[in-house]
Amino acid sequence: MIIYQLPSRERQLALTFDDGPNPVYTPQILDLFKKHQAYATFFVIGSYSKQYPDLLRRIVEEGHEIGNHTYSHPALPACERQDVYNELETTNGIIQEITGIVPSLFRPPYGEFNKHTVEAADRLGLHTVIWPDHQNTKDWSLPGADTIVERVLETLQKGDIILFHDGSGDDPDEDRSQTVQAIEMLLPHLTGNNYKLVTVSQMMRNYNEAMILHV
């Protein structure tokens, strides 16, 4: 199954970041969350995690959650079944070696998955998490920070899982400054409107009923 939204009675949101850790943008995002006493979920790439273990440890130490985003960011439906499993298992091992934590969440690159993808995640005890269509900020397309903020707020619902990127699976030098700017604007607005910004796993413990896709 694929979880893409967690409707809640409470004013909770899960802000999520893909394709890191990135040595330029991830620390800036962490600084902003620390300032506002808010928490997020970072779906990390295994190869980048090996390069920047201190960032991975900082994410955990500051109360955020780490999820598995594969080792090399491939389009998983094009991969052989064993290769999919290896991508996830290798990244699980890297995360555990660096942080001591075995992740419980997985997000497929590009949000693309098939039956083999979900089966591999299930074998490793990983919940597969994507996002609702109305909370795909498309920040990777560099539409401007104001547009990213508008995309989040115009259809915001309690229990939303919101997609951002603190890195890039294709080009580690890709610009994510607009995402940082958007987060800087969003955090005071959301917390000022009594939204609690929590990790995906925290929100899973408090949801009414998950919105799930079956494959």
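Both faces of strand β7 are covered in this predicted model: I161, L163 and H165 on one side are buried, and so are I162 and F164 on the other. Buried here means under 20% relative accessible area, exposed means over 50%, and partly exposed is what falls in between, using a 1.4 Å probe and protein chains only. The strand runs over residues 161-165, and 5 of its 5 residues are buried. Strands (E, at least two residues) and helices (H or I, at least four) are DSSP runs, numbered from the N terminus.

Let's stay with β7 and look at its partner. Strand β2, residues 12-20, pairs with β7 in the parallel sense over 5 bridges; two strands count as paired if DSSP finds at least two bridges between them. One place to look is D18, whose bridge partner in β7 is H165.

A good residue to follow next is L163, which is found in β7. L163 has a relative accessible area of 2% and is therefore buried. The C-alpha atoms of L163 and T16 are separated by 5.3 Å, although the two residues are 147 residues apart along the chain. Leaving aside neighbours within four places in sequence, L163 is in contact (heavy atoms within 4.5 Å) with T16, D18, R107, W131, Q135, N136, T137 and D139.

From the strands, turn to a pair of helices. The axes of α1 (residues 25-35) and α7 (residues 177-192) come within 10 Å and cross at roughly 5°. That angle makes α1 roughly parallel to α7. The contributors are Y25, Q28, I29, L32 and F33 from α1, and S177, V180, I183, E184 and L187 from α7. By class, this contact has 7 nonpolar, 2 polar and 1 charged residues. As for the terms, axes are lines fitted to C-alpha atoms, for helices over the stretch in contact, and angles run from 0 to 180 degrees between N-to-C directions. Angles under 35 degrees count as roughly parallel, over 145 as roughly antiparallel, 65 to 115 as roughly perpendicular, and the rest as oblique. Ala, Val, Leu, Ile, Met, Phe, Trp, Tyr, Cys and Pro count as nonpolar, Asp, Glu, Lys and Arg as charged, and the others, Gly among them, as polar.

Helix α1 also leads us to the charged pairs. The structure holds 5 salt bridges, each being a side-chain nitrogen of Lys or Arg within 4 Å of a carboxyl oxygen of Asp or Glu. In one of them, D31 and R58 bring their closest N and O atoms to 2.5 Å apart. D31 lies in α1 and R58 in α3 (residues 53-61), so this pair ties together parts that are 27 residues apart in sequence. R58 also forms a salt bridge with E62, the closest N and O atoms being 2.7 Å apart. D31, R58 and E62 are thus linked in a network of salt bridges. D31 is partly exposed at 45% relative accessible area, and E62 is partly exposed at 21%.

Elsewhere, R176 forms a salt bridge with E174, with 3.3 Å between the closest N and O atoms. R176 is buried at 3% relative accessible area, whereas E174 is partly exposed at 25%.

Finally, visit N92 in helix α4, residues 81-99. N92 counts as buried because its relative accessibility is 7%. Beyond its neighbours within four places in sequence, N92 is in contact with N68, P103, L124 and L126.

A note on conventions: residues are numbered from 1 along each chain as its sequence is written, and side-chain values use heavy atoms, with hydrogens and water left out. Because the model is predicted, local features need pLDDT of at least 70 and side-chain atom pairs count only at pLDDT 80 or more, while totals for chains, interfaces and linings use all residues.
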